[in-house]
Structures are given as structure tokens and as C-alpha cells.
Amino acid sequence: MGEVRIIGGQWKRSKLPVPDAPGLRPTSDRIRETLFNWLGQTLAGWHVLDAFAGSGALGFEAASRDAAEVVLVERDARLAAGLRASAQRLKATTIQIHTADALAWMRSQPAGRFDLILLDPPFAADLFDAALAASLPLLAEDGLIYVESPGGIAAPPGFSTWRQGRAGAVHYQVLRRGENPAI
């Protein structure tokens, strides 16, 4: 079993366990640092969805930076139990954990609920287009969608890529509504 460290906010330097699981690939420190530099060091008042939670690195990072609500969705019951244990250890009262299929869960939720949606599905599962399509109705009007993939993702109609980067074989980008990427 490995671990990742939360890099900012109230739980900075806290460790999250990363169990050995097929396809589990936690977002690297470097990518998380870049993402949260783009988003800002505080997410106070934000409602965040981490749809393929895995290790929980992205969702816990958002909660550590004062997000009002962070929903972690993880299909693997063992990984979800580990997320619950980490949330309990950190006394993370703003985190909710659902053991569910992320696509089905997203399709059952009310529209416009989240300010930030984090999409990092297992690369081998090729769920990027389906995950993006399922997430769009859940996004608040001024919300952002973060996508991590083995190749760039085309922004869906009505959206543009606001920021993007690459670290090794991982491409990551933030999408927002509108054709003008400037915020």
C-alpha cells in the first residue's frame, strides 16, 4: 500500500492511503498543485464532486481548501471504506462518500448542483466521453469541470478549455461554459 499527501489547506501534509487496486492511479502532487493554483487556494462555499474518487486525493484536496461540500463517488467498496476511514480520521465533516457507479450516480442527481466536477476515471475503462456527458447537467452555471486523461479531451459544445497541462502520459484540463476561455 502506498500513500499520497494532501498538498494544501487545513490538512496540508496529511497522508491518504493508496491501496493496491487495478487501474488506481492517484493524481500526482505536481498535477494537484497546478490544478489548485489555477482554482485558487481556497474553495470556500464551493460544492465539489469527485466522480471517480479512487484514493480521494482530488476530493480531499478540495475539502482541505474549505469547500462547503465534497461528494466522493467510488464503485469499489474496499476503496470507499478507505475513503470513509480517512474522512473520519481527518474529521472531514463536509465530505460525503457514496459507494456507487459514478455514471449511474451522476445521472440520478439534480441539475446545477456542483461548482467543480473532478473527472479522473480509470484510463483503461475509456469512460471519458460518457463521464463528461453525465457531468454536464450537474454543473452550476459558472462551474468548472476538471478532466484527467491519457490524451486531450475535446470540449463539448458550449464549453471551452480554460486551462490545460501535461505531466508524462497524463493530460489534464479545466473546462468551462462559453467559447471564451478567459475567467
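Here are four short exercises with worked solutions on a predicted model.

**Exercise 1. Lay out the sheet**

Work out in which order the seven strands of the open sheet follow one another, and which strands stand at its edges.

*Solution.* Start with the order: the strands run β5-β4-β3-β6-β7-β9-β8, with mixed pairing. Next, look at the ends of that list. β5 (95-99) and β8 (159-167) each have a single partner strand, so one side of each has no neighbour in the sheet. Then add the twist: on average, and ignoring direction, neighbouring strands are turned by 15° against each other. Finally, zoom in on one pair. β8 and β9 are antiparallel and share eight bridges; threonine 161, for instance, has leucine 175 in β9 as its bridge partner.

**Exercise 2. Place two helices on the sheet**

Find which strands are touched by helix α1 and which by helix α2.

*Solution.* Take α1 (residues 29-39) to begin with: this helix packs on the sheet and touches β6, β7, β8 and β9. Its direction makes about 150° with that of β8. Now turn to α2 (residues 57-64), which also packs on the sheet, touching β3 (47-50), β4 (69-74), β5, β6 and β7. Here the angle between the directions of α2 and β4 is about 170°.

**Exercise 3. Find the buried face of α5**

Determine how the buried residues of helix α5 are arranged around its axis, and what covers them.

*Solution.* List the buried residues of α5 (128-135): Phe128, Ala131, Leu132, Ala134 and Ser135. Looking down the helix axis, you will find them within an arc of 165°, so they line one face of the helix. Then see what lies over them: the cover includes α4 (102-107), β6 (114-119), β7 (139-149) and β9 (170-177).

**Exercise 4. From core to surface**

Identify the residues that touch the most other members of the largest nonpolar core, then decide whether proline 157 is buried or exposed.

*Solution.* A useful reminder comes before the details: nonpolar side chains in soluble globular proteins tend to be buried together. The largest nonpolar core here has 37 residues, and those touching the most other members are Leu35, Leu39, Phe60, Val70, Leu72, Ile95 and Tyr146. Follow leucine 35 as an example: beyond its neighbours within four places in sequence, this residue contacts Leu58, Leu118, Tyr146 and Val174. Another core, of 24 residues, lies apart from that one and has Leu49, Ala102, Leu119 and Leu132 among its members.

Now for proline 157, in the loop between β7 and β8. Exposed means over 50% relative accessible area. Proline 157 has 80% relative accessibility, so this residue counts as exposed. As a last step, compare positions: the C-alpha atoms of proline 157 and valine 70 are separated by 27 Å, with the two residues 87 apart along the chain.

Note on methods
Residues numbered from 1 in each chain as written. Predicted model: local features only at pLDDT ≥ 70, side-chain atom pairs only at ≥ 80, totals over all residues. Heavy atoms only, no water. Buried < 20%, exposed > 50% of the residue type's maximum accessible area, 1.4 Å probe, protein only. Helix = DSSP H or I, 4+ residues; strand = E, 2+ residues; numbered from the N terminus. Arc of directions from axis to C-beta. Contact = heavy atoms within 4.5 Å. Pairing = 2+ DSSP bridges. Axes fitted to C-alpha atoms, helices over the stretch in contact; angles between N-to-C directions. Core = buried A, V, L, I, M, F, W, Y, C linked by side-chain atoms within 4.5 Å.
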